[in-house]
Amino acid sequence: MVLYKLQDFEPNYRDTFEGRDINGLGVYTQGTDEKIGTVSDVLVDEEGHFRYLVVDLGFWIFGKKVLLPLGRARIDYNVDRVYTIGLTREQAEDLPEFSEREALDYDYEERVRGVYRQPTGSTLPLETSAAVEASAPVDTTYKPATTTPTYNRDSYNYEQEPSLFGLNEQDHQTLRLYEERLIASKRRQKTGEVTIGKHVETDTARVAVPIEKERVVIERVTPADAGTAVSGREADFREGEVARVEIYEETPEIRKEAFLREEVRVRKVVDQDTVETQETVRREELDVNSGNLPVEER
């Protein structure tokens with residue numbers, strides 16, 4: 001089973017406890033009221049059930065943190081204390097040290113549970129009903145089992161060991177009725193991504209350019225004095241006389257020029273929406289079996 005820090009599992013857990021916080025409470029031995037350390041964290045399972053208190057044993061063993069199963073603890077908010085049930089200094093020394101860098105796997109938990117399973121001769125709570133007749137005293141002497149049960153990593157369940165993980169409400173001598181309520185929270189998750197890029201497309205553009213071309217036009221005309229005799233001096237016959245005329249024409253010259261066409265701005269907007277969800281919650285009701293005896297409820 002996977003364990004989580006209470007703060008990581010439910011950041012707003014203090015709202016559930018009406019503003020109270022378990023972290024920082026002093027830890028004392030039951031009966032002797034000897035302070036052994038403080039609660040530095042709480043570990044819960046995948047369903048949010050409390051399983052261990054992380055206890056800093058600064059008053060017993062400086063610098064060592066260990067796990068205390070919830071069934072071996074009693075929380076008294078009236079005095080802001082946590083009492084350990086049946087924990088001895090020898091057990092504290094045998095417990096594996098808790099480190100956030102070490103994996104909290106089944107093997108590690110088994111090492112922790114193995115220490116608490118060892119009989120110590122201390123007084124531990126019996127797994128009895130919370131409704132006990134006042135005239136019938138309860139024998140709370142811890143009686144270790146004659147045989148040590150075996151557990152399997154594939155089938156282990158915390159409910160198999162109520163002495164370690166039970167709520168121990170009998171230590172409070174109060175029957176508490178619980179109910180579940182929905183705590184709404186939200187988490188941000190990635191649903192995808194939009195990729196925006198650009199590519200180059202080619203096209204054929206046409207442009208009309210007016211040009212000029214020169215050409216030679218030869219005109220033969222008959223002068224007005226055609227047929228009139230001229231003197232030999234005027235009649236200058238020269239062979240090979242050439243008239244030269246330069247001819248020009250224009251040719252189009254095309255060049256390309258880049259210019260800014262438009263800007264594309266990319267941004268994100270957040271749409272607000274309300275999503276309704278539902279879940280089944282449980283509530284405990286009181287069953288009173290008094291026979292023919294009068295019972296007054298206040």
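A: A salt bridge is a side-chain nitrogen of Lys or Arg lying within 4 Å of a carboxyl oxygen of Asp or Glu. The model discussed here is predicted, and Lys190 and Glu193 form one such salt bridge, with their closest N and O atoms 3.4 Å apart.

Q: Are Lys190 and Glu193 buried or exposed?

A: Lys190 has a relative accessible area of 66% and is therefore exposed. Glu193 is likewise exposed, at 62%.

Q: How many salt bridges does a search of the whole structure find?

A: In general, side chains of opposite charge can pair when their charged atoms come close. In this structure the search finds 17 salt bridges.

Q: Which residues are linked in a network of salt bridges?

A: The network joins Glu109, Glu110, Arg113, Arg117 and Glu161. Within it, Glu110 and Arg113 form a salt bridge whose closest N and O atoms are 3.0 Å apart. Glu110 also meets Arg117 in a salt bridge, at 2.9 Å from N to O.

Q: Why are Arg113 and Glu110 separated by about one helical turn?

A: Both residues belong to helix 4 and are three residues apart, so about one helical turn separates them.

Q: Are Arg113 and Arg117 buried or exposed?

A: Arg113 counts as buried, because its relative accessibility is 1% and the limit for burial is under 20%. Arg117, at 23%, counts as partly exposed.

Q: Where does the charged end of Arg113 sit?

A: The charged end of Arg113 sits over the ring of Tyr156, at 4.0 Å from the ring centre. Arg113 thus has a place both in the salt-bridge network and over an aromatic ring. Another arginine, Arg81, lies over the face of Tyr28, 3.8 Å from the centre of that ring.

Q: How many aromatic pairs does a search of the whole structure find?

A: As a general idea, a pair of aromatic rings is described by the distance of the centres and the angle of the planes. The search of the whole structure gives seven aromatic pairs. In one of them, Tyr4 and Phe9, the ring centres are 6.0 Å apart and the planes stand at 45°, so this pair is tilted. Tyr4 is partly exposed, with a relative accessible area of 34%, and Phe9 is partly exposed at 34%. For Tyr158 and Phe165, the centres are 4.7 Å apart and the planes are at 70°, so the pair is edge-to-face. Tyr158 and Phe165 are both buried.

Q: Which residues do ring pairs link into a cluster?

A: The cluster contains Tyr52, Tyr106, Tyr151, Tyr156, Tyr158 and Phe165. Among them, Tyr156 is the residue whose ring lies beneath the charged end of Arg113.

Q: Which residues of the largest nonpolar core touch the most other members?

A: The core has 38 residues, and those touching the most other members are Ile22, Tyr52, Leu53, Leu67 and Val82. Two or more residues of this core come from each of strand 3 (35–44), strand 4 (50–56), strand 5 (65–69), strand 6 (73–76), helix 4 (106–117) and helix 5 (162–165). Leaving aside residues up to four places away in sequence, Ile22 touches Val39, Val42, Phe50, Leu53, Ile75 and Tyr77.

Q: Where is Thr251 found?

A: Thr251 lies in the segment after helix 5. At 56% relative accessibility, Thr251 counts as exposed. Its C-alpha atom is separated by 9.2 Å from that of Pro210, a residue 41 places away along the chain.

Note on methods: Residues are numbered from 1 along each chain as its sequence is written. This is a predicted model: local features need pLDDT of at least 70, side-chain atom pairs count only at pLDDT 80 or more; totals for chains, interfaces and linings use all residues. Side-chain values use heavy atoms; hydrogens and water are left out. Rings of Phe, Tyr and Trp (its six-membered ring) pair if their centres lie within 6.5 Å; planes under 30 degrees apart count as stacked, over 60 as edge-to-face and the rest as tilted. Buried means under 20% relative accessible area, exposed over 50%, partly exposed in between (1.4 Å probe, protein chains only). A charge sits over a ring if NZ of Lys or CZ of Arg is within 6 Å of the ring centre and within 35 degrees of the ring normal. A nonpolar core is a set of buried Ala, Val, Leu, Ile, Met, Phe, Trp, Tyr and Cys residues joined through side-chain atoms within 4.5 Å. Helices (H or I, at least four residues) and strands (E, at least two) are DSSP runs, numbered from the N terminus. Contact means heavy atoms within 4.5 Å.
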